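Reader: I am new to this structure and would like to go through its charged residues and cysteines. Could you show it to me, please?

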Amino acid sequence: STNYLIPNKNECKDCHKKDSVLVPLGPKARNINSDYEYADGTMNQLDKWATMGYLTNNPSSADAPKVPIWGDPNSGTLNERARAYLDTNCGHCHNPEGDADNSGLSLYYYEENLTALGVCKPPVAAGGGSGGLAYAIVPGQPDESIMPFRMNSVELDVAMPELARSVVHEEGVALIREWIANMDGPSCL
């Protein structure tokens, strides 16, 4: 069991704002474009949802983008799976149009700028959430990186995401720590 904090109306804007407009959060085609075991058999999730009438005017699964399943090592490289995890769980806020655009972190799947992704990027507004660490990601050094530090906390003003979370997603933290530990890149320290 877990205690769940229901955000107030103002707090909802923290995640649901895109270019100053409130929008629902939901799955991206690239994150659900894979086979899923339904009671009536295995089918691509995009195709199944279209068949059930949940989606209209959507691309077919063959034409839609696709990213690896973050928790399935057979679905992509460590980098691709870590990026898929960040895209799914963090990218709705951490992108140039999201509410966390002021952080300078852009965690959507297709981000190519390593600094925007967090590599050797100092925090902008993390305050105590930085844990005294200097960079979001220090290649090869997850213990020196702010990202897994914040993901591994439930402490107010440290935890990321900031709202409505009272447990640590241990599998996600392990994936991001492994990704950073295996990351080649510049020395930040």
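Reader: Is D157 buried or exposed?

Author: D157 is exposed, because its relative accessible area is 61%. Buried means under 20% relative accessible area, exposed over 50%, and partly exposed in between (1.4 Å probe, protein chains only). Please note that this is a predicted model: local features need pLDDT of at least 70, side-chain atom pairs count only at pLDDT 80 or more, and totals for chains, interfaces and linings use all residues. Residues are numbered from 1 along each chain as its sequence is written, and side-chain values use heavy atoms, with hydrogens and water left out.

Reader: Where is D157 placed?

Author: D157 lies in the loop between α6 (146-151) and α7 (170-181). Helices here are DSSP runs (H or I, at least four residues), numbered from the N terminus.

Reader: Which residues gather with D157 in a patch?

Author: D14, E155 and E162 join D157 in a surface patch of negative charge. Patches are made of residues with over 30% relative accessible area and no salt bridge, like charges being joined within 9 Å.

Reader: How many salt bridges are there?

Author: The count comes to three salt bridges, each being a side-chain nitrogen of Lys or Arg within 4 Å of a carboxyl oxygen of Asp or Glu. In one of them, D87 pairs with R30, and their closest N and O atoms are 2.9 Å apart. This pair links distant parts of the chain, with D87 in helix α4 (residues 78-89) and R30 in helix α2 (residues 29-32), 57 residues apart. Both D87 and R30 are buried.

Reader: And what does R177 form with D143?

Author: R177 and D143 form a salt bridge, with the closest N and O atoms 2.8 Å apart. R177 is in helix α7 and D143 is in the loop between α5 (114-117) and α6, 34 residues apart. R177 counts as partly exposed because its relative accessibility is 31%, whereas D143, at 58%, counts as exposed.

Reader: Turning to cysteines, which residue does a disulfide join to C120?

Author: C188 is joined to C120, with an S to S distance of 1.8 Å; a disulfide is a pair of cysteine sulfur atoms within 2.5 Å.

Reader: Why is the disulfide of C120 and C188 left-handed?

Author: The disulfide is left-handed because the torsion about the S-S bond of C120 and C188 is about -80°. C120 is in the loop between α5 and α6, and C188 is in the segment after α7, 68 residues apart.

Reader: What about C90?

Author: C90 is in no disulfide, and the nearest cysteine sulfur, that of C93, is 8.8 Å away. C90 is buried, with a relative accessible area of 17%.

How values were computed. Patch = residues over 30% accessible without salt bridge, like charges linked within 9 Å, V, L, I, M, F, W, Y side chains within 5 Å. Areas by Shrake-Rupley, 256 points an atom, 1.4 Å probe, with all protein chains shown as cover. Lys, Arg positive; Asp, Glu negative; His and termini not counted. Charge placed at Lys NZ, Arg CZ, Asp CG, Glu CD. Helix = DSSP H or I, 4+ residues; strand = E, 2+ residues; numbered from the N terminus.
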